[in-house]
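This report describes selected features of the structure shown below. It covers a metal site, a pocket, a strand with its partners and a helix.

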Amino acid sequence: MLVVMGSAATEQQVRDVCERIEALGLKAHPIPGAARTAIGITGNKGAVDLGVLEALPGVIECIPVSKPYKLVSRDAKAEDTVVTITTPLGDVLVGGGNIAMVAGPCAVETEEQCFAIAERVAPTGVKLFRGGAYKPRTSPYSFQGHGEDGLKILANVRKKFGFGIITEAVDNESLDLVEEYADVIQIGARNMQNFSLLKRAGRAKKPVLLKRGMSATLDEFLMAAEYLLSEGNYRVIMCERGVRTFSDFSRNTLDLAVVPAVQRRSHLPIMVDPSHGTGKRSKVLPLSRAAIAVGADGLLVEVHHEPDKAWSDGVQSILPEEFAELMLEARQIANVLHRVVN
Ligand code: PEP
Ligand code: MN
C-alpha cells in the first residue's frame, strides 16, 4: 500500500499520516520524491482500511501495490535514487546519470599489496576501493580473509589515499565491524537471500551494495533489496555479477539485460561486476564497456598489480594499466549517453 501526498503537502502533514499509520500497528516509510512524497506501508497482514488514511489532510490517494515489492518500486518513487557515498576524496554519487567506478583486489592480502594497488589506480581518478576482509569461499580450506585485521588495512588505505571503502560482510558479527570501518557494506551473491543478514544491513547507517545471487530471478533480487528498505535503509545499490547458465566458456553469464529490467521496475541504482561475471581477465574490459553502454550505474572491478600471485581470483583480476584504460573508455561511452563517471 502506498499513500500519495499532494505536492503542496507540508512536512507536518506527512508526519501526521506516518503517525496514523504507526498507530494502526503498521510501519510507515516516507519516500520523498521531486514532485511528491509517497508513504509506503509495510507490516500489514491483509488489506488495510484505506478510508481513514485517504481522509487525512495532504493525502491525494492511497494505492494498493500488487507487486510483491513495494518500497523499491517505481510506484513508490518515480525518479532515480542517487546514493551518495562519502569519501575523503569527496562525495561519490551512484545513480541518476552518475556512474561510480570501484577498483581493488578480490581479497585484502597484505597492507603492501593494498597500497601497491591503491597507488597504481589512484591516478585514474577512481574514488572507491574494494577488497574482501571476509571471503565466502567454496572450500573451507581456501583463504577466508583476514577479518578485522583486513578491515584495519582497508582503513589505512582510506587514510593514505582518501578512497571510500567497499567490503563484504558475511554474517551479523562481521557486519557490525564492516559498518564501523567501511563506507559501503557489500552483501555477497551467496548471502543475497540471507534474510537475517539483510535485516541487519537494513538497520545499518551505511549504504549497502547488494549483489545478485547466482541463481536469483529478477523478482528475488528486488525482494532482497526490499528487505533492506523495509528496515529503513534506503541507500541501496544493486549489483549484477553473473548468473549460472549452461554456457561453459566463462565462470558465470553476465546478465546485462537485468540492468534495464531493474531500472524499469525500481528507482534503485544498479552496478555491474564484470570480474565475477566473466571470471576471465580478457573478458573484463569488453563486458565493462557493454555494461556502461547498457546503462549501468557503476562498475565493481577486481584489479591486482600481480594477478599471478593473487591469493584469490587472480585469473579474473585486471592490471592497473588495464583499469586506467577502462576508466578512459568508460568516460567516453558515458559521455555519449549524457552520463558522468565520478
Ligand atoms: C566479491 O565481490 O568479492 C565476491 C565474493 O563476489 P560475489 O559475492 O558476487 O561472488
Ligand atoms: Mn573475487
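## Metal site

The model is predicted. H276 is buried, because its relative accessibility of 9% falls under the 20% limit. H276 is one of the residues that coordinate the manganese ion (ligand 2), through its NE2 atom. The other donors are C106 through SG, E302 through OE and D313 through OD, and the distances run from 2.0 to 2.4 Å. Along the sequence, the donor residues follow the spacing C-x169-H-x25-E-x10-D. H276 belongs to helix 9 (residues 274-278) and E302 to strand 14 (residues 298-302), so this pair ties together parts that lie 26 residues apart in sequence.

E302 is buried as well, with a relative accessible area of 0%.

## Largest pocket

Two of the metal donors, H276 and D313, also appear among the residues nearest the centre of the largest pocket. The others nearest the centre are K135, P136 and R190. In total, 23 residues line this pocket, and the space within it is about 290 Å³.

By residue class, the lining consists of 10 polar, nine charged and four nonpolar residues. Strand 9 (residues 164-168) gives the most to the lining, with three residues.

## Strand 3 and its partners

In a regular strand, side chains alternate between the two faces of the sheet. In strand 3 (residues 37-42), both faces are covered. T37, I39 and I41 are buried on one side, and A38, G40 and T42 are buried on the other. Six of the six residues of strand 3 are thus buried.

Strand 3 pairs with two strands, both in the antiparallel sense. With strand 1 (residues 2-5) there are three bridges, and L2 stands opposite G40. With strand 2 (residues 27-32) there are six bridges, and A28 stands opposite I41. Strand 2 and strand 3 form a hairpin, with four residues between them.

## Helix 3

Which residues of helix 3 (residues 111-121) are buried? They are Q113, C114, F115, A116, I117, A118 and V121. An α-helix has 3.6 residues a turn, so residues three or four places apart point the same way.

The cover over the buried residues of helix 3 includes both strands and helices. The strands are strand 7 (98-104) and strand 8 (128-130). The helices are helix 4 (148-161) and helix 11 (320-336).

Note on methods: Residues numbered from 1 in each chain as written. Chains lettered and ligands numbered in written order. Predicted model: local features only at pLDDT ≥ 70, side-chain atom pairs only at ≥ 80, totals over all residues. Heavy atoms only, no water. Donors = N, O, S within 2.8 Å, 3.2 Å for Na, K, Ca; no water. Buried < 20%, exposed > 50% of the residue type's maximum accessible area, 1.4 Å probe, protein only. Contact = heavy atoms within 4.5 Å. Pairing = 2+ DSSP bridges. 1 Å grid on protein atoms, 1.4 Å probe; cavity = no way out; pocket = protein on both sides within 12 Å on 5 of 7 lines; lining within 4 Å. Points joined across faces, edges and corners; volume = space filled by probe spheres on them. Nonpolar A, V, L, I, M, F, W, Y, C, P; charged D, E, K, R; others polar.
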